[in-house]
Amino acid sequence: MSYYDRERNMAESLRKMYPKGTRVECLSMMDPFAPVTSGTRGTVFHVDDMATIHVHWDNGSSLGLVRGEDSFRKLSAEEVEAENASEQDDSSDGESGLKMKM
């Protein structure tokens, strides 16, 4: 099996493990120019043919995760639910505090 066949197989595996919309957390990133800070969370939007996991990070970055170089984890369903509940609480707090002056 060639290097490219192995990479293609790995990319297919990662696409199944990290489909679009999967939430992940960066544990460490080896990018010397603009690393994503440990603890930053984001949403997977693509796994390319070289098995790089591309993420829209919550801090606005869109750097990809490179297996074997970067350390990351997939958020559990419970963690995603907690994030969603927190976002709903935040949005409802903002609406209840609005008052119109006439």
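**Stop 1: a salt bridge to start with**

Select Glu-79 and Arg-41 and show their side chains. Glu-79 forms a salt bridge with Arg-41, and the closest N and O atoms are 3.7 Å apart. Glu-79 sits in helix 2 (residues 77–96) while Arg-41 sits in strand 2, so this pair ties together parts that are 38 residues apart in sequence. Glu-79 counts as partly exposed because its relative accessible area is 21%. Arg-41 is partly exposed too, with 23% relative accessibility. Before you go on, keep in mind that you are looking at a predicted model.

**Stop 2: zoom out**

Switch to a cartoon view of the whole protein chain. How many helices and strands does the protein chain have? You should find two helices and five strands. Walk along from the N terminus and the order of the elements is α-β-β-β-β-β-α.

Now colour by burial, if your viewer can do that. Of the 102 residues in the protein chain, 26% are buried. Turn on the surface as well: the accessible surface comes to about 7,100 Å², and carbon and sulfur atoms hold 54% of that. Here is one more number for the whole chain: take the contacts with a separation of 6 or more, and 50% of them are between residues 24 or more positions apart.

**Stop 3: follow the charges**

Go back to Arg-41 and add Glu-25 to your selection. These two side chains also meet in a salt bridge, at 4.0 Å from N to O. Arg-41 is in strand 2 and Glu-25 is in strand 1, so the pair ties together parts 16 residues apart in sequence. Is Glu-25 buried or exposed? Glu-25 counts as buried, because its relative accessibility is 14%.

Next, pick Asp-58 and Arg-23. They form a salt bridge in which the closest N and O atoms are 2.8 Å apart. Asp-58 is in the loop between strand 3 and strand 4 (64–66), Arg-23 is in strand 1, and the pair links distant parts of the chain, 35 residues apart. Arg-23 is buried, with a relative accessible area of 13%.

Now light up the whole set: Arg-23, Glu-25, Arg-41, Asp-58, Arg-73, Glu-79 and Glu-83 are linked in a network of salt bridges. The structure holds 11 salt bridges, if you feel like hunting for others.

**Stop 4: into the nonpolar core**

Time to leave the charges behind. In soluble globular proteins, nonpolar side chains tend to be buried together. In this model, the largest nonpolar core has 15 residues. Select Tyr-18, Val-24, Ile-53, Val-55, Trp-57 and Leu-65, which have the most contacts inside this core. Helix 1 (3–17), strand 1 (23–28), strand 2 (41–47) and strand 3 (52–57) each supply at least two of the core residues. Which element gives the largest share? That would be strand 3, with three residues.

Centre the view on Ile-53 and look around. Leaving out residues up to four places away in sequence, Ile-53 touches Leu-14, Tyr-18, Val-44, His-46, Val-47, Gly-64, Leu-65 and Phe-72.

**Stop 5: a buried acid in a loop**

Select Asp-48, in the loop between strand 2 and strand 3. What is the nearest side chain of opposite charge to Asp-48? It is Arg-15, 6.1 Å away, and Asp-48 has no salt bridge even though Asp-48 is buried.

Look at what the side chain of Asp-48 does reach: the backbone nitrogen of Met-50 at 2.9 Å, and the backbone nitrogen of Thr-52, also at 2.9 Å. If you set aside neighbours within four places in sequence, Asp-48 is in contact with Ala-11, Arg-15 and His-54.

Stay in this loop and click on Ala-51. Its phi is near 70 degrees, a positive value in a residue other than glycine. Ala-51 counts as buried because its relative accessibility is 2%.

**Last stop: Ala-11**

Finish in helix 1, where you will find Ala-11. With 0% relative accessibility, Ala-11 counts as buried. Not counting residues up to four places away in sequence, Ala-11 touches Val-47, Asp-48, Asp-49 and Ala-51. Draw a distance from the C-alpha atom of Ala-11 to that of Val-47: the two are 36 residues apart along the chain, yet these atoms are separated by 6.7 Å.

Terms used:
Residues are numbered from 1 along each chain as its sequence is written. This is a predicted model: local features need pLDDT of at least 70, side-chain atom pairs count only at pLDDT 80 or more; totals for chains, interfaces and linings use all residues. Side-chain values use heavy atoms; hydrogens and water are left out. Helices (H or I, at least four residues) and strands (E, at least two) are DSSP runs, numbered from the N terminus. Buried means under 20% relative accessible area, exposed over 50%, partly exposed in between (1.4 Å probe, protein chains only). Contact means heavy atoms within 4.5 Å. Accessible areas come from the Shrake-Rupley method with a 1.4 Å probe; for residues, only the protein chains shown count as cover. A nonpolar core is a set of buried Ala, Val, Leu, Ile, Met, Phe, Trp, Tyr and Cys residues joined through side-chain atoms within 4.5 Å. Lys and Arg count as positive and Asp and Glu as negative; His and the chain ends are not counted. A polar contact is a pair of N or O atoms within 3.5 Å; within protein, one must be able to donate a hydrogen and the other to accept it, and residues adjacent in sequence count only if both atoms are side-chain atoms.
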